[in-house]
Amino acid sequence: MTPEILVLLMFGCLFAGIFLGYPTAFVLGGVAMIFGFVNMGPDIFGLFITRLFGLMKNYTLLAVPLFLFMGVFMEKSGVARRLFHAMHLLWGGMRGGLGISTIAISALFAAATGVVGASEVTIGLMALPAMLSRDYDKSLACGSVCAGGTLGILIPPSIMIVIYGPIARISVGKLFLGALVPGILLSLLYMLYIAVRCYFRPQDGPPMPREERDVPLRKKLLLLVTSVFPPGLLIFAVLGSIFFGVAAVTEAAAVGVIASMLLAACYGRLDFPTVRDACTQTLTITSMILMIAIGASFFSSVFVALGGDEVISSLFLNLPFGKWGILLTIMGLLVIVGMFIDWMGIVFIIVPLITPIGAELGFDPVWFAVMVMVNLQISFLTPPFAYSIFYLKGITPPEVQTTDIYRGVLPFVGMQVLALALCVIFPILITWLPGHLIK
């Protein structure tokens with residue numbers, strides 16, 4: 001069979017298996033095993049063993065369980081609850097203040113955890129009842145929590161970035177720096193949308209009653225210092241050590257683990273059940289990620305050996321749209337694929353194929369990678385497989401319908417598209433920090 005037919009068959013079997021509900025890791029490995037054995041014979045097992053040991057020796061991937069462990073501890077230490085109470089008092093007096101507070105807390109919590117599910121569920125359990133009890137529009141309340149939760153895959157230290165870097169052979173530290181400004185930009189766009197909407201439609205986000213926010217200034221400042229300074233110190237300990245060259249990503253993740261445990265101890269939340277639960281959750285999520293990584297490694301090995309990478313590169317590079325038209329095509333393809341496959345599947349399957357295309361087109365590798373990651377935020381909010389919507393639906397009260405969540409996320413998808421456009425028009429938003437701080 002020609003490489004073109006093999007590409008169609010491999011991707012056809014892959015997507016069929018995923019859509020039928022089989023685990024992504026086993027579908028990837030199974031398709032690789034079948035096509036590899038049929039076309040290459042028993043030699044394929046030697047190739048698989050080589051790739052497996054190569055993955056096991058990847059030092060950067062050690063940061064994945066460490067950052068996950070740090071995130072779980074941040075979730076259990078009560079930091080999010082303290083942050084919400086502080087932001088609640090500071091912003092609650094303005095129209096849409098609780099929605100703006102939700103985005104601000106999500107951004108800070110994202111920088112301390114790097115995990116979407118943990119951030120969204122933790123913040124949603126606090127913010128959504130608070131907004132609904134104060135007559136916020138259901139769609140706005142749900143959209144704020146969903147959009148804020150997706151910041152966890154972009155604002156460093158993000159698990160997606162830690163995984164993306166080794167796959168694309170780009171410094172994780174550079175990707176952290178490149179993703180920082182777009183993450184802040186998205187946060188500001190979300191806040192701006194909420195503020196403008198509630199300014200013209202005050203019934204969608206009424207301010208808190210004065211008696212609820214009538215707290216002495218001294219108490220507000222004390223609450224702000226005790227709730228914002230500790231996680232801020234943790235974030236600085238992790239990201240600062242990377243940005244200023246003090247430690248590599250894996251060592252910085254270990255620093256984050258120690259700092260998060262000390263923070264939990266300061267809040268009186270460090271005990272054996274907490275440590276046990278954190279270890280269990282970390283092991284579960286890490287096992288899932290690494291199983292997908294192994295399956296994807298086998299799939300990409302067979303795909304490249306059969307000439308599939310050359311077929312994909314030739315297909316995109318020969319499109320009659322020019323450099324920017326091809327980029328737009330890739331971004332559109334990622335949006336469509338993101339509607340049906342989670343971000344891990346896309347990173348492990350699609351990124352190895354499109355990264356060489358970006359390099360061939362002359363795009364800066366860090367800029368191209370961050371553009372892909374900003375795009376992948378859209379996959380969390382676009383049905384049918386919108387993970388942020390499913391996370392939120394699992395914790396919403398009965399009066400909130402799924403249609404409320406769908407209507408709520410649409411404007412935030414528009415903000416994500418706007419952020420993508422701004423990063424295309426002003427690439428310096430991505431390239432300036434990594435270009436000046438890491439040589």
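Serine 101 touches Met87, His88 and Trp91, leaving aside its neighbours within four places in sequence. The model is predicted, and in it serine 101 is part of helix H6, which spans residues 97-113. Its relative accessibility is 0%, so serine 101 counts as buried. The side chain of serine 101 also finds a partner in the backbone: it reaches the backbone oxygen of glycine 97 at 2.8 Å.

## A glycine in H7

Moving along the chain, we come to glycine 124, found in helix H7 (residues 116-133). Glycine 124 is buried because its relative accessibility is 2%, with under 20% being the cut-off for that label. Which residues does glycine 124 contact, once neighbours within four places in sequence are left aside? They are Pro129, Val145 and Ile395. Glycine 124 can also be paired with glycine 148: the two are 24 residues apart in sequence, and their C-alpha atoms are 9.5 Å apart in space.

## Loops and backbone angles

The loops on either side of H8 and H9 are worth a look. Aspartate 135 sits in the loop between H7 and H8, and its phi is near 65 degrees, a positive value in a residue other than glycine. With a relative accessible area of 61%, aspartate 135 is exposed.

The loop between helix H8 (138-150) and helix H9 (159-168) holds proline 157. What kind of peptide bond joins proline 156 and proline 157? The bond is cis, with omega at about 5 degrees.

Arginine 169 lies in the loop between H9 and H10. Although arginine 169 is not a glycine, it has a positive phi of about 60 degrees. Is arginine 169 buried or exposed? It is exposed, because its relative accessible area is 80%.

A positive phi also turns up at a glycine further along: glycine 362, just after H18, has a phi of about 90 degrees. Helix H18 itself covers residues 351-360, and its buried residues include Val351, Leu353, Ile354, Thr355, Ile357 and Gly358.

## H10, from the core to the surface

The largest nonpolar core has 151 residues. Phe67, Tyr164, Leu175, Phe176, Phe299, Ile330 and Val372 are the residues with the most contacts inside it. Which helix gives this core its largest share? That is H10, with 13 residues.

Leucine 175 shows what some of these contacts look like. Apart from neighbours within four places in sequence, it is in contact with Ile161, Tyr164, Gly165, Ile170, Val366, Ala369, Val370 and Met373.

Valine 196 brings us to another side of H10, the helix that runs over residues 172-200. At 39% relative accessibility, valine 196 counts as partly exposed. Together with Leu192, Tyr199 and Phe200, valine 196 makes a nonpolar surface patch of about 470 Å².

## Salt bridges

Side chains of opposite charge can pair when their charged atoms come close. How many salt bridges does the structure hold? There are five, and the table gives three of them.

| Acidic residue | Basic residue | N to O distance |
|---|---|---|
| Aspartate 204 | Arginine 197 | 3.0 Å |
| Aspartate 204 | Arginine 201 | 2.7 Å |
| Aspartate 277 | Arginine 276 | 3.8 Å |

Aspartate 204 appears with two partners, arginine 197 and arginine 201. These residues belong to a network of salt bridges that links Asp137, Arg197, Arg201 and Asp204.

The members of this network are not all covered to an equal degree. Aspartate 204 counts as buried because its relative accessibility is 2%. Arginine 197 is buried too, with a relative accessible area of 18%. Arginine 201, in contrast, is partly exposed, as its relative accessible area is 41%.

How does the pair of aspartate 277 and arginine 276 sit with respect to the surface? Aspartate 277 is partly exposed, with a relative accessible area of 31%. Arginine 276 also counts as partly exposed, at 43% relative accessibility.

Terms used:
Residues numbered from 1 in each chain as written. Predicted model: local features only at pLDDT ≥ 70, side-chain atom pairs only at ≥ 80, totals over all residues. Heavy atoms only, no water. Patch = residues over 30% accessible without salt bridge, like charges linked within 9 Å, V, L, I, M, F, W, Y side chains within 5 Å. Areas by Shrake-Rupley, 256 points an atom, 1.4 Å probe, with all protein chains shown as cover. Salt bridge = Lys/Arg side-chain N within 4 Å of Asp/Glu carboxyl O. Helix = DSSP H or I, 4+ residues; strand = E, 2+ residues; numbered from the N terminus. Buried < 20%, exposed > 50% of the residue type's maximum accessible area, 1.4 Å probe, protein only. Core = buried A, V, L, I, M, F, W, Y, C linked by side-chain atoms within 4.5 Å. Contact = heavy atoms within 4.5 Å. Polar contact = N/O pair within 3.5 Å; in protein donor to acceptor, adjacent residues only side chain to side chain.
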